[in-house]
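Open the model in your viewer and keep the sequence panel visible. The stops below go from the whole chain to a set of strands, and then to a single side chain.

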Amino acid sequence: MAETSLARDLDGLRRSCGLSYRELARRTGCPRSTLNDALRGRRFPRLSTVLAIVRACASDTSPDTSADETADETADETQWRQRWVAAERARSCGAGGLDAGEPARRPPAELPHAAAGFVGRAAELDRLDALLDATPADPAALLVVSIDGAAGVGKTALAVRWGQRVAHRFPGGQLFVNLRGHHPRLRPLRPGQALEQLLRALGVTGVPADPDERSRAFRSALAGRRVLVVLDDAATAGQVRPLLPGDPSCAVVVTSRER
């Protein structure tokens with residue numbers, strides 16, 4: 001499998017440079033447990049972890065992390081980035097959630113068109129990139145980002161623009177649901193209604209009637225897939241919680257007028 005080959009070759013790179021796990025952890029700033037999982041194929045690594053390992057193996061000293069974030073990517077880093085993307089795409093192929101015997105579907109791509117004439121928000125876009133690239137203190141943690149603000153400030157436009165910008169990082173697909181938290185005429189979408197939309201977008205047939213079962217089915221459908229979920233115009237945290245994936249490879253962006 002592509003992800004197994006990625007882990008094996010990354011560990012081969014470490015060994016060819018004569019780096020112990022302790023030294024690699026010192027150079028990358030990643031926990032040793034994260035490096036062990038990545039290099040032994042126990043858990044598929046984040047792209048930021050792969051690139052940190054490649055940089056550490058190319059460096060004779062402990063890297064300057066602040067410089068790494070802004071330095072131009074080397075040819076080796078680009079090659080490893082491409083390998084990671086290919087391995088991530090391979091992970092998403094044939095993922096669960098479809099009925100047995102159902103033909104494979106193309107990953108969902110539900111993000112709306114980015115707003116024409118979008119300008120500014122460079123700092124916010126860079127911040128979102130940094131959150132996605134950061135190595136989490138807890139590798140099992142799910143990235144959930146909240147964009148809040150008053151009506152009309154461009155929360156949805158920012159979320160969609162960023163989602164389109166990083167869509168290639170989520171080969172399992174991109175999901176989008178308008179939760180109608182502050183719609184002037186329609187009631188907010190109940191979690192069960194939102195889950196039905198999400199499950200159908202993932203190709204799941206026979207959607208359970210019970211909302212709790214729908215939530216479990218949603219997490220199962222996303223297991224092993226790297227998917228971006230954009231939950232637009234949320235009213236409350238309770239409306240969002242049942243819609244969170246269980247796989248830490250996924251990421252969630254929530255927009256709301258409420259902090």
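**The whole chain**

Start with the surface of this predicted model: the protein chain exposes about 13,300 Å², and carbon and sulfur atoms supply 49% of that area. Of the 259 residues in the protein chain, 44% are buried. Switch to a cartoon view to see 11 helices and four strands. With contacts drawn between residues at least 6 apart in sequence, 70% of them join residues at least 24 apart.

**Strand β3 and its partners**

Next, select residues 228–234, which form strand β3. Seven of the seven residues in β3 are buried, leaving the strand mostly covered.

Add residues 174–178, strand β2, to the selection; β2 pairs with β3 in the parallel sense over five bridges. To find one of the paired positions, pick Gln174 and look across to Leu228, its bridge partner in β3.

Now add residues 251–256, strand β4. The pairing of β3 with β4 is also parallel, again over five bridges. Here Ala234 stands opposite Ser256 of β4.

**Arg14 in helix α1**

Move to helix α1, residues 2–16, and select Arg14 within it. Is Arg14 buried or exposed? Its relative accessibility is 10%, and buried means under 20%, so Arg14 counts as buried.

Show side chains around Arg14: a polar contact of 2.8 Å links the Arg14 side chain to that of Asp11. Then display what Arg14 touches beyond its neighbours within four places in sequence: Leu19, Ser20, Tyr21, Leu24, Leu39 and Cys57.

Conventions:
Residues numbered from 1 in each chain as written. Predicted model: local features only at pLDDT ≥ 70, side-chain atom pairs only at ≥ 80, totals over all residues. Heavy atoms only, no water. Buried < 20%, exposed > 50% of the residue type's maximum accessible area, 1.4 Å probe, protein only. Helix = DSSP H or I, 4+ residues; strand = E, 2+ residues; numbered from the N terminus. Pairing = 2+ DSSP bridges. Polar contact = N/O pair within 3.5 Å; in protein donor to acceptor, adjacent residues only side chain to side chain. Contact = heavy atoms within 4.5 Å. Areas by Shrake-Rupley, 256 points an atom, 1.4 Å probe, with all protein chains shown as cover.
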